[in-house]
Amino acid sequence: MSSVLIRQVYSEKELLSLKKHQWGVEGDSRSCFSPYSRTQNGATILEMKHRDSCSRPNTNTNQKPENRLISDDIRVKSIQSHIKNILSSQQESPSQTQIPINSGIKLQTLNYIVSITLGGRNLTVIVDTGSDLTWVQCQPCKLCYTQPEPLFNPLISPSYQSVQCSSPACHSLQFATGNLGFCEKDVPTCNYVVTYGDGSYTRGELGRDGLVLGTNKVENFIFGCGYNNEGLFGSASGLMGLGRSDLSLISQTYDMFGGVFSYCLPDSDSASGSSGSLILGNDTSVFKNTTPISYTRLVQSPQLYSFYILNLTGISIGGVDLNSPNFDKNGVLIDSGTVITRVKPSIYAAIKAEFLKQFSGYPPAPSFSILDTCFNLSGYDEVSIPTVRMQFEGDAEMSVDVSGMFYFVKRDASQVCLALASLSYEDEIGIIGNYQQKNVRVVYDTKEMRLGFAKETCNFN
């Protein structure tokens, strides 16, 4: 979906122009990939796009909004189930690089992609802070979804090596993926399987090869070589795991980047071709933020070590602070792979009531999938939307950009919904999704165990 947005701040409201709002026209998937990078002040910057900028043409746009939200809801429910299973079992367990990051809409999902070079081959992968293992589709493929880029072929990479069953990396799979590494009879190679919240999965062997991120070479990078892959990965060649376990890209490059990365997610506007950036390393001088970075601590949980958890202490709508006894309870996850932000039912009820109070006089529209605060704005050229700010422990704050406020179901704006949703139960953990992270510089500092926010108009160039 795409929109032309005009930003103008009026006190605690922002102006959203509805003119020229339409679903993006999908282009040639071969031209969408983004192997762009640059070095600046010692930082290597990788371009980041929305995944839909790389999809095959699809004329059935009517089903897209619902399918995206259904997939997102399945992912959220699976995350909640995974967390409950972990908690119930009580399992414990200086250089800079910047990469372009882009909207993934044309890859048929609301996720974000970057390009990497693995074993000498340029590949486009989904960025996911909610998982750990990086993997790509490999030859010979037993079951693979269609991708425009050639499959990675370990046989023609002179530096590829299979990971052995006896290796520490194979033993780390259970913590990183929830599944033990396993070996076939009389074959010493370590096999893996990863299942995701929406039912997608990848299976294959664990391998190691040279990884290039911008201008930085990572020797012996451990990743999944997927021979059996199915699910909602669109047309991406695989996935980049930015979690915190030993097998994640952040852990494997700790000596190079110090355990710090950040991103700025662009508008999911395929028509504009907007792109943001994924920066590996802690050189804040290459940021383009327009407000200071405000930091909050990462909540340490031995059981949920791989997740990025924050303490949400409050939310304001149009400058009005909400009252709820459930702020700061159990924390919230921040996740680049979830689309729509979810909050506890009591908090959502307070958000909805205050938003409707301030955004009054507009015709209602039917609910849509997980979204139940919807309007018919087809008769308006522009609307003033109350600002939404999320407050975190340590006086950190994230302001939701106007582009992340409404989910446009209909191209004529006759069905436009507040892009926030309620969890099913009060004891579930909230999730801050990527839709609300657009045009925000989000800094993950695993060394100092903190996470920062600043406003930034995401633009790789």
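1. Let's start with S19 and S25. In this predicted model, strand S19 (residues 312-317) and strand S25 (residues 388-392) run antiparallel and are joined by 5 bridges. If you want one rung of that ladder to look at, Gly314 has Gln391 in S25 as its bridge partner.

2. Zooming out, the pair belongs to an open sheet of 4 strands in the order S20-S19-S25-S26, with antiparallel pairing. The edges are taken by strand S20 (320-321) and strand S26 (396-399); each has a single partner strand, so one side of each lacks a neighbour in the sheet. Helix H6 (residues 345-358) lies across S19 and S20, and runs at about 20° to S19.

3. Strand S25 also takes part in an aromatic contact. The rings of Phe392 and Phe453 have centres 5.1 Å apart and planes at 20°, so this pair is stacked. Phe392 lies in S25 and Phe453 in strand S32 (residues 450-455), so the contact ties together parts that are 61 residues apart in sequence. Both Phe392 and Phe453 are buried.

4. More on the rings: the count comes to 19 aromatic pairs. Another stacked one is Phe359 with Tyr362, where the centres are 4.2 Å apart and the planes stand at 20°, which is why the pair gets that label. The two partners differ in exposure: Phe359 is buried with a relative accessible area of 2%, whereas Tyr362 is partly exposed at 22%. Ring pairs also link Phe359 and Tyr362 with Phe355, Phe375, Tyr380 and Phe406 into a cluster.

5. Two arginines are worth a click if you care about charges over rings. Arg441 has its charged end over the ring of Phe287, 4.9 Å from the centre. Arg450 lies over the face of Tyr295, and there the distance to the ring centre is 3.7 Å.

6. On to the disulfides, of which the count is 6. Take Cys138 and Cys225, joined with S to S at 2.0 Å. The torsion about their S-S bond is about -110°, so this disulfide is left-handed. Cys138 sits in the loop between strand S9 (135-137) and strand S10 (161-162), while Cys225 is in strand S13 (residues 216-230); the pair links distant parts of the chain, 87 residues apart. Cys138 and Cys225 are both buried.

7. For Cys165 and Cys183, check the geometry yourself: the S to S distance of this disulfide is 1.0 Å in the model. The link is left-handed, with -65° about the S-S bond. Cys165 is in the loop between S10 and helix H2 (168-171), and Cys183 is in the loop between helix H3 (173-177) and strand S11 (191-195), 18 residues apart. As for exposure, Cys165 counts as buried at 19% relative accessibility, a value that sits under the 20% cut-off. Cys183 is partly exposed, with a relative accessible area of 35%.

8. Cys170 and Cys190 are joined by a disulfide as well, with S to S at 2.2 Å. Here the torsion about the S-S bond is about 80°, so the disulfide is right-handed. Cys170 lies in helix H2 and Cys190 in the loop between H3 and S11, 20 residues apart. Cys170 and Cys190 are both buried.

9. Which strand would I pick as an enclosed one? Strand S7 (residues 112-118) has 7 of its 7 residues buried, so it is largely enclosed by the rest of the structure. Both of its faces are covered: Tyr112, Val114, Ile116 and Leu118 are buried on one side, and Ile113, Ser115 and Thr117 on the other.

10. Finally, the partners of S7. Strand S5 (residues 48-50) pairs with S7 in the antiparallel sense over 3 bridges, and Met48 stands opposite Val114. Strand S8 (residues 121-128) also runs antiparallel to S7, with 6 bridges between them; Ser115 has Thr124 in S8 as its bridge partner. The hairpin of S7 and S8 has 2 residues between the strands, and Gly119 takes a positive phi near 55° there. Strand S12 (residues 201-213) joins S7 through 2 bridges, again antiparallel, and Leu118 has Leu211 in S12 as its bridge partner.

Notes
Residues numbered from 1 in each chain as written. Predicted model: local features only at pLDDT ≥ 70, side-chain atom pairs only at ≥ 80, totals over all residues. Heavy atoms only, no water. Pairing = 2+ DSSP bridges. Contact = heavy atoms within 4.5 Å. Axes fitted to C-alpha atoms, helices over the stretch in contact; angles between N-to-C directions. Disulfide = S-S within 2.5 Å. Buried < 20%, exposed > 50% of the residue type's maximum accessible area, 1.4 Å probe, protein only. Phe/Tyr/Trp six-rings, centres within 6.5 Å; stacked < 30°, edge-to-face > 60°. Lys NZ or Arg CZ within 6 Å of the ring centre and 35° of its normal.
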